[in-house]
Amino acid sequence: MRLATWNVNSLAVRLPQVLDWLTANPVDALVLQETKLTDDKFPRAEIEAAGYAVQWFGQKTYNGVALLSREPAHDVTKNIFGFADEQARVIAGTVDGVRVIGAYFPNGQAPDSEKFTYKMAWLQALRDWVRSELAAHPRLVLMGDFNIAPEDRDVHDPVLWAGQIHCTPQEREHFRELIALGLVDAFRLFEQPPKSWSWWDYRNLAFRKNQGLRIDHILVSEALRPAVSACMIDKLPRKNERPSDHAPVVVELSTA
DNA sequence: ATGGCTAGGACCCCTAGA
């Protein structure tokens with residue numbers, strides 16, 4: 001079983017690239033972030049024609065998430081149970097016996113901003129909810145755009161980024177607290193190329209210079225950990241003509 | 001060569017992303 005996450009930065013723009021990517025990478029499930037589409041504009045027919053069932057949850061202009069899967073997802077939920085939120089950031093469903101949570105974590109803008117306060121509250125609510133999801137579904141994957149670079153090795157220039165958004169001690173502590181629920185960063189289960197990033201700024205020729213951050217993650221539960229056989233970032237779509245600023249991350253589970 | 005962003009919305013500039 002293969003699962004993937006990709007922040008597409010507008011599905012209206014990126015749909016052809018998503019369909020091309022799925023043809024080359026026929027994963028069992030794919031979660032998308034930043035679809036930036038109201039639900040009535042979601043390209044359901046095109047995705048179903050490509051052989052995927054799909055669930056979506058969006059809003060105008062910002063945010064928006066989707067869950068594509070070969071087998072239809074069931075018990076689909078949207079956003080964080082018990083956390084009132086105007087923003088469409090989370091979609092979850094059970095696919096082939098695995099609880100799949102796709103999330104677009106708040107950006108946070110700057111450590112002294114109101115958006116950072118929202119990010120902290122959102123992270124706290126996410127943790128409490130994921131704890132209960134784990135109790136109900138031991139086979140669980142939490143993946144998406146976390147907007148957190150967990151360690152300095154996930155940052156191209158840790159000095160430049162020290163204390164900046166995505167790299168603050170508070171955000172990194174929240175990441176560790178998620179791990180402490182009984183999750184593991186699938187990417188770090190394997191030897192990886194140094195300077196592995198999942199996002200590169202559109203500006204400053206950042207991709208060409210490989211100046212980026214690893215902020216898109218796949219966390220798997222302890223019950224699934226023995227099944228994880230590979231995890232990689234696919235940089236290829238970042239080389240497309242009109243790319244998203246994020247690359248997909250893929251995990252492979254050797255399910256019995 | 002020494003490079004300088006993209007998307008959406010309402011508009012020819014602004015917000016937001018990260």
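**A predicted protein model with DNA strand B**

Let me begin at the DNA: a polar backbone atom of Tyr202 lies 3.3 Å from a sugar or linking oxygen of DNA strand B. A comparable kind of pair involves Arg203, where a backbone N or O atom is 3.5 Å from a sugar or linking oxygen of DNA strand B. I should say at once that this is a predicted model, and every distance I quote is computed from it.

Which part of the DNA faces the protein? Of the atoms of DNA strand B within 4 Å of the protein, 73% belong to sugar or phosphate, and the rest belong to bases. One example on the base side is Asn107, which places a polar side-chain atom 3.1 Å from a base nitrogen of DNA strand B.

Turning to the protein side, 25 residues surround DNA strand B, and those that come nearest are Ser10, Glu34, Tyr104, Asn107 and His166. By character, the residues of this surface divide into 9 nonpolar, 9 polar and 7 charged. Which element gives the most to this surface? That is helix α1, residues 11-24, with 3 residues.

Two residues deserve a closer look here. Ser10 sits in the loop between β1 and α1. Is Ser10 buried or exposed? With a relative accessible area of 13%, Ser10 falls under the 20% limit and therefore counts as buried. The side chain of Ser10 reaches the backbone nitrogen of Val13 at 3.2 Å. Leaving out residues up to four places away in sequence, Ser10 touches Glu34, Thr35 and Lys36. Glu34, like Ser10, is among the residues that come nearest to DNA strand B.

The second residue is Asn147, in the loop between β8 and α4. Asn147 has a relative accessible area of 5%, so this residue is buried. Its side chain and that of His166 are joined by a polar contact of 3.3 Å. Beyond residues up to four places away in sequence, Asn147 touches Tyr104, Phe105, Pro106, Asn107, Lys119, His166, Glu171 and Ile215. Of these partners, Tyr104, Asn107 and His166 were named earlier among the residues that come nearest to DNA strand B.

The loop between β8 and α4 also holds Val155. Val155 counts as buried because its relative accessibility is 3%. Its contacts, leaving aside neighbours within four places in sequence, are Ala149, Trp161, Cys167, Arg172, Trp197, Gly212 and Leu213. How far is Val155 from Asp39? They are 116 residues apart along the chain, and their C-alpha atoms are separated by 35 Å.

I now move to the interior. The largest nonpolar core has 34 residues, and those with the most contacts inside it are Leu3, Val141, Ile218, Val220, Val251 and Leu253. Several strands each supply at least two residues of this core, including β2 (29-33), β4 (65-69), β8 (140-145), β12 (216-221) and β14 (249-253). Apart from this core lies another, of 26 residues, among them Trp122, Leu123, Leu134 and Leu219. Within the larger of the two, Leu253 touches Met1, Leu3, Leu224, Ala227, Val228 and Ser229, not counting residues up to four places away in sequence.

Strand β1, residues 2-7, is mostly covered, with 5 of its 6 residues buried. What are its partners? On one hand, β1 pairs with β14 in the antiparallel sense over 4 bridges, and Thr5 stands opposite Val249 in β14. On the other, β1 pairs with β2 in the parallel sense over 5 bridges, and there Asn7 stands opposite Gln33 in β2.

My last residue is Arg70, in the loop between β4 and β5 (74-78). Its relative accessible area is 34%, which means that Arg70 is partly exposed. Where does its side chain go? It reaches the backbone oxygen of Gly51 at 3.1 Å and makes a polar contact of 3.5 Å with the side chain of Tyr52. Arg70 and Gly51 are 19 residues apart in sequence, yet 6.7 Å apart in space, C-alpha to C-alpha. Setting aside neighbours within four places in sequence, the contacts of Arg70 are Pro26, Val27, Asp28, Ala50, Gly51 and Tyr52.

To close, I return to DNA strand B: sugar or phosphate supplies 73% of its atoms within 4 Å of the protein, while Asn107 lies 3.1 Å from a base nitrogen through a polar side-chain atom.

Notes:
Residues are numbered from 1 along each chain as its sequence is written. Chains are lettered from A and ligands numbered from 1 in the order in which they are written. This is a predicted model: local features need pLDDT of at least 70, side-chain atom pairs count only at pLDDT 80 or more; totals for chains, interfaces and linings use all residues. Side-chain values use heavy atoms; hydrogens and water are left out. A nonpolar core is a set of buried Ala, Val, Leu, Ile, Met, Phe, Trp, Tyr and Cys residues joined through side-chain atoms within 4.5 Å. Buried means under 20% relative accessible area, exposed over 50%, partly exposed in between (1.4 Å probe, protein chains only). Contact means heavy atoms within 4.5 Å. A residue is near a molecule or strand if one of its heavy atoms lies within 4 Å of it. A polar contact is a pair of N or O atoms within 3.5 Å; within protein, one must be able to donate a hydrogen and the other to accept it, and residues adjacent in sequence count only if both atoms are side-chain atoms. Ala, Val, Leu, Ile, Met, Phe, Trp, Tyr, Cys and Pro count as nonpolar, Asp, Glu, Lys and Arg as charged, and the others, Gly among them, as polar. Two strands pair if DSSP finds at least two bridges between them.
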